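Reader: I'm new to this one, so could you walk me through a single part of it, the place where the two chains meet? Let me put the model up first.

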Protein chains: 2
Amino acid sequence: MDLFVFGALLVGGMAAGISGMLFQPGDWYKALRKPTWTPAPIVFPIVWTTLYVLMALAGSWVAGRPGADAALALMAAQLAVNVLWTPLFFGLHRVRIGLGVIGLLWLLVLTMIIVFWRIDWLSGLILVPYILWLTLAAALNFMVVRLNPFIVPIDPSQLRVGESGGR
Amino acid sequence: MDLFVFGALLVGGMAAGISGMLFQPGDWYKALRKPTWTPAPIVFPIVWTTLYVLMALAGSWVAGRPGADAALALMAAQLAVNVLWTPLFFGLHRVRIGLGVIGLLWLLVLTMIIVFWRIDWLSGLILVPYILWLTLAAALNFMVVRLNPFIVPIDPSQLRVGESGGR
């Protein structure tokens, strides 16, 4: 286990976590029509925190082995796309673009798991919960798009200085 | 040059680019008081695109060399933090948290450049424009905070379904 790689990837996961903390689902999300199998809001931060730790762990396990460069480059790509999704969905209410982004993320993570698995199967295995959760999240995003055809995206650039988008 | 690493890191840079495209500076940013040395808006996308390509290039050059794992893990961390800044600043108008995030980003990138330089000095060198630009961006963020004490952050969760933050 490479502690430096673990720490660095944890910082990356933290960035995604901060994104989730600042772009909270609030009244907007509550008012959306959602499928019956939608997890309770409290579940999301717990699951995501666990997943970010597992990603950092997997990265630290493959570090130093042949092929780790490709694995960590994929880690960088998927982490960046992961951070992007939350502001698009909860920040701009751009649920359709969000669906495209989560689709790309799913493909990146699938590729990443295959690359990790080939280097060290255990590192690949601890990333499986991530893609399972992403599958659920993508399905939820899809259902939000289907069930709520009238979502208007936010244009934050149109708000003035000293004018809040909230109440 | 590792083409797979190059491509993967380019996807990561693309995520940051999309973030910049969707969270555009508009009337809000225009109305802010900014220092005289603020670059014209058109400069930003050109510079950032160049920087993301340079990052991917640097990563693809160190790939396969001893120490590349630490370098690429730092790349993952800084890319994730980079994607986070734009939605915070332009999306939520959270210019103070943005300043903290860009400070963290600056430190990560400095560390990354040192790690890259030790592996292959040319890879480190092509990342120097990135930290110079970040220094300017951080100074600009700092001046926006100082010159505009009355910025009200947006709370996107308080907007309703079908209600836009714009006009």
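Reader: To get my bearings, at which residues of chain A does UniProt place the feature "transmembrane region"? And then, please take me along the side of chain A that touches chain B.

Author: Sure. UniProt, in an unreviewed entry, puts that feature at residues 6–23, 43–64, 70–90, 97–119 and 125–145 of chain A; feature names are shortened, positions follow the numbering used here, and such annotations may be inferred rather than shown by experiment. Before going on: this is a predicted model, where local features need pLDDT of at least 70 and side-chain atom pairs count only at pLDDT 80 or more, while totals for chains, interfaces and linings use all residues. Residues are numbered from 1 along each chain as its sequence is written, chains are lettered from A and ligands numbered from 1 in the order written, and side-chain values use heavy atoms, leaving out hydrogens and water.

Now the meeting place. A turn of 180 degrees with a shift of 0.0 Å along the axis lays chain A on chain B with an RMSD of 0.0 Å (a least-squares fit on the C-alpha atoms of residues with pLDDT of at least 70 in both). The two copies are thus related as by a two-fold rotation axis. In chain A, the residue that comes closest to that axis is A:A76, its C-alpha at 1.9 Å.

As for contact (heavy atoms within 4.5 Å), 61 residues of chain A touch 61 residues of chain B. The copies meet through the same surface, because 100% of the interface residues of chain A are also interface residues in chain B. Together the chains bury about 4900 Å², 73% of it on carbon and sulfur atoms; that is accessible area (1.4 Å probe) lost on being put together, summed over both.

Which elements do the touching? Helix 1 (3–22), helix 2 (27–31), helix 4 (68–91) and helix 5 (95–119) of chain A each give two or more residues, a helix being a DSSP run of H or I with at least four residues, numbered from the N terminus. Helix 4 of chain A brings the largest share, 17 residues. By type, this side of chain A divides into 40 nonpolar, 13 polar and 8 charged residues.

Between chain A and chain B there are 0 salt bridges (Lys or Arg side-chain nitrogen within 4 Å of an Asp or Glu carboxyl oxygen).

Definitions and conventions. Buried area is the accessible area (1.4 Å probe) that two parts lose on being put together, summed over both. Ala, Val, Leu, Ile, Met, Phe, Trp, Tyr, Cys and Pro count as nonpolar, Asp, Glu, Lys and Arg as charged, and the others, Gly among them, as polar.
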